[in-house]
Amino acid sequence: MASITLSKANFFHNLDIIKEQTQAIEKIALVLKDNAYGHGLCEMAKLAKEYGITRAVVRSNEEAQTIEEFFEYVLVLADTPKIPSKKIRYTINDIKKISEFAKDSLVELKIDTGMSRNGIASHEMQEALSLIKEQGLNLEAVFTHHACADELSGEYEKQKEKFEKIKKELSKYSNLRFHSCNSAALFREENFDEDMVRVGIGAYGCLELPFPSNAEELRPVLSLYAQKNSSREVNCGDCVGYGGTFSAKKSVLVSNYDFGYADGFLRSCAQGYKTPDNTNIAGRISMDNSSFVSDKEELLIFNDARDVAKYAGTISYEVLTALKPHLKRRLV
């Protein structure tokens with residue numbers, strides 16, 4: 001069965017770099033949503049706790065309850081509380097949804113500063129604060145999300161300026177925390193001074209930025225290996241796989257490995273993909289397996305999702321989150 005290895009050394013190395021950027025481990029909130037970007041929710045939560053991370057960010061109630069024991073603080077981005085919790089905070093994404101939150105829930109208000117996705121409009125802020133109070137909710141923080149932190153378009157600066165104005169407007173609330181930075185935004189800041197950073201892809205070592213920074217020292221955490229199912233000699237002119245898209249130019253040994261698009265190997269990688277050791281793919285990726293010009297019993301499919309993303313015409317996030325939970329994950 002195909003399997004995943006997770007490098008503890010690389011993960012801790014990445015957190016060291018992030019800690020240097022934030023100047024405080026307490027400010028790091030590890031984003032663990034969507035099975036920890038495909039790395040494994042519980043596996044990465046345990047490692048984060050071992051390192052000393054006390055904050056986490058997830059997508060849902062289910063994820064929050066799964067990893068609650070490992071952290072002092074958990075922020076849920078896209079769900080509403082059923083029963084108030086002392087550890088779990090919930091995001092208010094829409095002013096119309098405030099009435100759905102259970103009384104005494106810990107909440108954080110998201111402000112839309114330009115992404116036009118989730119969050120209330122800045123002109124709704126005072127009304128939202130009143131509704132939060134009426135609903136009996138405990139507001140702990142106000143935050144936003146950057147749409148273009150990994151692009152040099154000027155939009156990052158515009159959003160940052162808007163959020164600074166909001167922070168100034170809310171400065172009379174001395175107990176409020178503020179956070180806006182994701183991984184890319186963190187590495188744009190020379191003097192990070194917010195209360196928290198929501199770090200995701202940077203911690204997993206696959207951050208790509210169009211400007212020089214110490215993010216270039218980050219190392220991928222995840223590697224994917226597949227096991228050989230079978231081998232056969234393919235003669236010159238013979239085809240392999242659905243549609244016969246691979247035609248041997250000479251006699252070669254082709255093996256089939258137990259990793260396909262049902263496991264998360266994006267079908268768009270079929271055209272010309274090569275593994276880290278320069279092994280060529282042979283034909284289309286099937287549902288449960290893929291063929292390569294190789295006879296290895298175990299084949300390293302990839303150890304850097306960014307390389308796969310280039311073949312697939314996508315981003316490392318999609319490559320990683322496509323990896324199915326049924327794949328065994330092992331710490332090394």
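**Cavity, pockets and cores in a predicted model**

**View 1. The lining of the largest cavity.** Lys110, Ile111, Asp112, Thr113, Met115, Arg117, Asn118, Thr144 and His145 line the largest cavity. This is a predicted model. The volume of this cavity is about 40 Å³. By class, its lining holds three charged, four polar and two nonpolar residues. Searching the whole structure turns up one cavity of 30 Å³ or more.

**View 2. The largest pocket and the residues nearest its centre.** This pocket encloses about 870 Å³ of space. Its lining has 35 residues. Nearest the centre lie Lys33, Tyr37, His145, Asn182 and Tyr317. His145 is also one of the residues that line the largest cavity. Sorted by class, the pocket lining has 17 nonpolar, nine polar and nine charged residues.

**View 3. Elements around the largest pocket.** Four elements each give two or more residues to the lining: α2 (33-37), α7 (183-186), β9 (197-199) and α9 (316-321). Which of them gives the largest share? That is α9, with four residues.

**View 4. The second largest pocket, with helix α5.** The second largest pocket has a volume of about 230 Å³. Gln126, Leu129, Ser130, Ile132, Lys133, Leu137, Leu139, Tyr173, Asn175 and Leu176 form the lining. Helix α5 (residues 125-134) contributes the most, five residues. The class count is six nonpolar, three polar and one charged.

**View 5. The largest nonpolar core.** This core has 101 residues. Which members touch the most others? They are Leu32, Ile67, Phe71, Leu109, Ile301 and Phe302. Helix α3 (residues 41-51) supplies the largest share of the core, six residues. In soluble globular proteins, nonpolar side chains tend to be buried together.

**View 6. Contacts of Leu32.** Leu32 is among the core residues that touch the most other members. Neighbours within four places in sequence are left aside here. Beyond them, Leu32 is in contact with Leu41, Met44, Ala45, Ala56, Val57, Val58, Glu63, Ile67, Phe71 and Tyr204. Two of these partners, Ile67 and Phe71, are also listed among the core members with the most contacts to other members.

**View 7. A second core.** Separate from the largest core is a second one, of seven residues. Its members include Val234, Phe246, Ala248 and Ala282.

Conventions: Residues are numbered from 1 along each chain as its sequence is written. This is a predicted model: local features need pLDDT of at least 70, side-chain atom pairs count only at pLDDT 80 or more; totals for chains, interfaces and linings use all residues. Side-chain values use heavy atoms; hydrogens and water are left out. A nonpolar core is a set of buried Ala, Val, Leu, Ile, Met, Phe, Trp, Tyr and Cys residues joined through side-chain atoms within 4.5 Å. Buried means under 20% relative accessible area, exposed over 50%, partly exposed in between (1.4 Å probe, protein chains only). Contact means heavy atoms within 4.5 Å. On a 1 Å grid over the protein atoms alone, a cavity is a set of points where a 1.4 Å probe fits but cannot get out, and a pocket is an open set with protein on both sides within 12 Å along at least five of seven lines; lining residues have an atom within 4 Å of a point. Grid points are joined across faces, edges and corners, and a volume is the space filled by probe spheres set on the points. Ala, Val, Leu, Ile, Met, Phe, Trp, Tyr, Cys and Pro count as nonpolar, Asp, Glu, Lys and Arg as charged, and the others, Gly among them, as polar.
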